[in-house]
Amino acid sequence: MNLFTKRVVNIIQAIPSGYVMSYGQVAAAAGNPRGARQVVRVLHSMSEKYDLPWHRIINAKGEISFSGKDQRGMLEAEGVAFGLNGKIDLVAYRWHPIDAEEG
């Protein structure tokens with residue numbers, strides 16, 4: 001596994017329940033600000049193997065991008081609220097990996 005992929009896996013695994021990150025945010029935190037599509041690839045190919053909380057990854061607009069599974073229901077069960085427009089308030093629910101380091 002290359003370093004970027006390992007970082008992506010570690011970042012996604014560290015997102016606490018009730019918080020979300022965007023694809024681009026994960027990519028930037030992993031060292032490649034232009035690597036959002038690589039994050040999609042990691043989620044697609046490694047979510048099951050590494051038990052990644054894939055449902056906590058959303059697009060930069062605060063919307064769900066993945067269809068076919070109950071991502072919204074999973075997020076709501078963790079306490080994430082959706083606005084009337086169907087979007088998540090990123091000010092309230094976006095997680096920043098640095099938060100964990102600051103304790």
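**Reading a predicted model, starting from I11**

Q: Where is I11 found?
A: I11 lies in helix α1. Keep in mind that this is a predicted model.

Q: Is I11 buried or exposed?
A: Start with the cut-off: buried means under 20% relative accessible area. I11 has a relative accessibility of 11%, so it counts as buried.

Q: With which residues is I11 in contact, leaving aside its neighbours within four places in sequence?
A: M21, V26, A29, A30, W95 and P97. Take V26 from that list. I11 and V26 are 15 residues apart along the chain, and their C-alpha atoms are separated by 6.9 Å.

Q: Why look for a nonpolar core?
A: The general idea is that nonpolar side chains tend to be buried together in soluble globular proteins. Here the largest nonpolar core has 19 residues. Within that core, V8, I12, M21, V26, V39, L43 and I57 touch the most other members.

Q: Which helices each supply at least two residues of this core?
A: α1 (3-14), α2 (23-29) and α3 (36-46) do. α1 gives the most, with five residues.

Q: What is V8 in contact with, beyond its neighbours within four places in sequence?
A: V8 contacts V26, A30, V39 and V42.

Q: Which residues does the second core include?
A: V20, L75, V80 and F82 are among them. This core is separate and has eight residues.

Q: What pattern does the protein follow along the sequence?
A: The pattern is α-β-α-α-β-α-α-α. That gives six helices and two strands.

Q: How does the radius of gyration of the protein read against that of a compact globule?
A: Let chain length set the expectation. For 103 residues, a compact globule would be near 13 Å. The protein has 13 Å, so the two agree. Along the principal axes, the C-alpha atoms fill a box of roughly 40 × 35 × 25 Å.

Q: What percentage of the residues count as buried?
A: 38% of the 103 residues do. The protein exposes about 6200 Å², and carbon and sulfur atoms supply 51% of that area.

Q: Among contacts between residues at least 6 apart in sequence, what share joins residues at least 24 apart?
A: The share is 58%.

Q: How far apart are the mean positions of the positive and negative charges?
A: They are 10 Å apart. The protein has 12 positive and 10 negative charges.

Q: What is the sign of phi at D51?
A: Begin with the rule: most residues other than glycine have a negative phi. D51 has a positive phi of about 50°, although it is not a glycine. D51 sits in the loop between α3 and β2 (57-58). Its relative accessible area is 66%, so D51 is exposed.

Q: Is L84 buried or exposed?
A: The cut-off for exposed is over 50%. L84 has 96% relative accessibility, so it counts as exposed. L84 is in the loop between α4 (71-77) and α5 (90-93).

Q: How does F66 count at 40% relative accessibility?
A: Partly exposed lies between the cut-offs of 20% and 50%. F66 has 40%, so it counts as partly exposed. F66 is in the loop between β2 and α4. Leaving aside its neighbours within four places in sequence, F66 contacts W54 and Q71.

Q: What separates the C-alpha atoms of F66 and F4?
A: They are separated by 22 Å, with the residues 62 apart along the chain. For L84 and F66, 18 residues apart, the C-alpha separation is 19 Å.

Technical notes:
Residues numbered from 1 in each chain as written. Predicted model: local features only at pLDDT ≥ 70, side-chain atom pairs only at ≥ 80, totals over all residues. Heavy atoms only, no water. Helix = DSSP H or I, 4+ residues; strand = E, 2+ residues; numbered from the N terminus. Rg over C-alpha atoms; globule rule 2.2 N^0.38 Å. Buried < 20%, exposed > 50% of the residue type's maximum accessible area, 1.4 Å probe, protein only. Contact = heavy atoms within 4.5 Å. Areas by Shrake-Rupley, 256 points an atom, 1.4 Å probe, with all protein chains shown as cover. Lys, Arg positive; Asp, Glu negative; His and termini not counted. Charge placed at Lys NZ, Arg CZ, Asp CG, Glu CD. Core = buried A, V, L, I, M, F, W, Y, C linked by side-chain atoms within 4.5 Å.
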